[in-house]
Amino acid sequence: MTKHKEFEELIQKCLDREITVDENISLQLHLSQCPDCSLFYNELVSAEKEIIDMVEVVPNHGFNEAVLARIKTKKVPAWAKIATVLGSAWVVSFLAFILIPASRDLFTRILFSSPSIVKAVAKIYFVGSTLARIVTPFAKSQLNPTLLVVSILLSVGMFIFFGKLFSKKETVWNT
Amino acid sequence: MRELEHEKDIIASAVEGDEHAYLSLLNSYKPRIFSYVLRTIRNYHDAEEITLDTFVRCFKSLKSFDRSKTFSTWIYTIAHNLTIDFLRKSRKHYEHLDDRPADEMEIADTKTKEPATDYDKQVKLSKIEQAMLQLAPIDREIVILFHKEEKTYQEISTILKIPETTIKTRLHRARLKLKELCTG
Ligand SMILES: [Zn+2]
């Protein structure tokens, strides 16, 4: 504390970067004449300088990578999504026809006993598994109407294809 | 001014997802934000977590950032908010400045002085750093934002969400306290 409250306030104002030109002139004049205020001013200025000079600390190595890893949303290209959905739909529906029921023997036996039932069950299974394959990835990501329409159209195509394949095999096994 | 324009370009690139732009922002703000948080909470590990969260939150919501405003003020606001959240969660003392007059707060500061944490032990503290630790966390923030970051009272008011007059009063007191501690 100094004896000159008024100049003490001006010093604070100076450090606040709010002092006017005129105020600064009068302050500097006073500082040159008053050792008390001059000391007060110098001590405050040197404390400020020390604050400015405080070293900056950095976080550990790998910080940038950690931030980037957290913000990265991997962008899967549209074609890759389509390929995955339709490819898996194709594989599952094909396998459904070939492997279900469990073995081919069983499949054939049942087929001979009541072909129409098996045919119906297999078709239902195919539709179910295909739809599940298509719908699940959609449910996980966001619903893309275009992709959905394309998938359904292709599924219908596959359905007809397997249906024809099925009836051919039936003919072969029957002979 | 030119620097600010350049920063605006970087932010625009970052919004587009440019990794180099993210790194550029990280490298220019990481030491400042980390030091700011560390000096407020005085724990290296927690400061690192808060700084990480600050950048993640900042980058994720970069699209919503109003580019007519100052990026620096915005990122400091995020850092300050996360710091307060942390101090609240860990139930450490933090002042709610808007509710009480400055005199009362001064008493509260001395009563609830925080125990020394690992920051004190890890870093060989300079005289000014030791003096800074004698201030309340909020005053440390004000001092750093004003003197080190050269923020205006208006910007500090935006970051800390307290009135400019309160900031000014507290800064004047903090300066005197620091002066006493450094020279005494
Ligand atoms: Zn004087």
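**Close-up views of a predicted two-chain model**

**Figure 1. B:Thr73 sits in helix α4 of chain B, which spans residues 71-89.** Please keep in mind throughout that this is a predicted model. Is B:Thr73 buried or exposed? With a relative accessibility of 9%, B:Thr73 counts as buried, because the cut-off for that label is under 20%. Setting aside residues up to four places away in sequence, the partners that B:Thr73 touches are B:Lys151, B:Glu155, B:Thr158 and B:Ile159. Helix α9 of chain B covers residues 153-160, so a reader following these contacts can look for B:Glu155, B:Thr158 and B:Ile159 there.

**Figure 2. B:Glu150 has a positive phi although it is not a glycine.** The phi angle of B:Glu150 is near 55 degrees. Where along the chain does B:Glu150 lie? Its place is the loop between α8 and α9 of chain B. B:Glu150 is exposed, with 58% of relative accessible area, which puts this residue in the exposed class because that class begins over 50%.

**Figure 3. A:Arg17 also shows a positive phi, just after helix α1 of chain A.** The value for A:Arg17 is about 60 degrees, and here too the residue is something other than glycine. A:Arg17 belongs to the loop between α1 and α2 of chain A. A relative accessibility of 43% makes A:Arg17 partly exposed, because that label covers the range between the buried limit of 20% and the exposed limit of 50%.

**Figure 4. Helix α1 of chain A, residues 5-15, turns several side chains into buried surroundings.** Which residues of this helix are buried? They are A:Phe7, A:Glu8, A:Leu10, A:Ile11, A:Gln12, A:Cys14 and A:Leu15. Within chain A, the buried residues of this helix pack against α2 (21-33) and α3 (35-52). Their packing partners also include two helices of chain B, namely α8 (137-148) and α10 (164-183). A view centred on this helix therefore shows contacts to elements of chain A together with elements of chain B.

**Figure 5. Four residues of chain A coordinate the zinc ion.** The donor atoms are ND1 of A:His4, NE2 of A:His30, SG of A:Cys34 and SG of A:Cys37. Their distances to the zinc ion run from 2.1 to 2.4 Å. What geometry does the site of the zinc ion have? The angles among the four donor atoms are 102 to 114 degrees, and the site is tetrahedral. Along the chain, the donors follow the spacing H-x25-H-x3-C-x2-C. Two of these residues can be placed by accessibility: A:His30 is buried, at 12% relative accessible area, and A:Cys34 is buried as well, at 7%.

**Figure 6. B:Leu181 is a residue of helix α10 of chain B.** At 35% relative accessibility, B:Leu181 is partly exposed. Which residues does B:Leu181 touch, not counting those up to four places away in sequence? The contacts are with B:Lys127, B:Ala131 and B:Gln134. B:Met132 makes a handy landmark for this view: B:Leu181 and B:Met132 are 49 residues apart in sequence, yet their C-alpha atoms are 9.0 Å apart in space.

**Figure 7. The second largest pocket has a volume of about 260 Å³.** How many residues line the second largest pocket? There are 14, and those nearest its centre are B:Glu3, B:Leu4, B:Glu7, B:Tyr29 and B:Arg32. Two helices of chain B, α1 (2-15) and α2 (19-41), each provide at least two residues of this lining. By residue class, the lining holds five nonpolar, five polar and four charged residues.

**Figure 8. The two chains, shown side by side for orientation, have helices and zero strands.** Chain A has eight helices, running α-α-α-α-α-α-α-α from the N terminus on. Chain B has 10 helices, in the order α-α-α-α-α-α-α-α-α-α along the sequence. Buried residues account for 33% of the 175 residues of chain A; for chain B, the share is 54% of 184 residues. In chain A, of the contacts between residues at least 6 apart in sequence, 68% link residues at least 24 apart. In chain B, 64% of the contacts with a separation of 6 or more come from residues 24 or more positions apart.

Terms used. Residues are numbered from 1 along each chain as its sequence is written. Chains are lettered from A and ligands numbered from 1 in the order in which they are written. This is a predicted model: local features need pLDDT of at least 70, side-chain atom pairs count only at pLDDT 80 or more; totals for chains, interfaces and linings use all residues. Side-chain values use heavy atoms; hydrogens and water are left out. On a 1 Å grid over the protein atoms alone, a cavity is a set of points where a 1.4 Å probe fits but cannot get out, and a pocket is an open set with protein on both sides within 12 Å along at least five of seven lines; lining residues have an atom within 4 Å of a point. Grid points are joined across faces, edges and corners, and a volume is the space filled by probe spheres set on the points. Helices (H or I, at least four residues) and strands (E, at least two) are DSSP runs, numbered from the N terminus. Ala, Val, Leu, Ile, Met, Phe, Trp, Tyr, Cys and Pro count as nonpolar, Asp, Glu, Lys and Arg as charged, and the others, Gly among them, as polar. Donors are N, O and S atoms within 2.8 Å of the metal (3.2 Å for Na, K and Ca); water is not among the atoms, so sites may look incomplete. Four donors count as tetrahedral if all angles lie between 85 and 135 degrees; four count as square planar and six as octahedral if opposite donors are over 155 degrees apart and all others between 65 and 115; anything else is irregular. Buried means under 20% relative accessible area, exposed over 50%, partly exposed in between (1.4 Å probe, protein chains only). Contact means heavy atoms within 4.5 Å.
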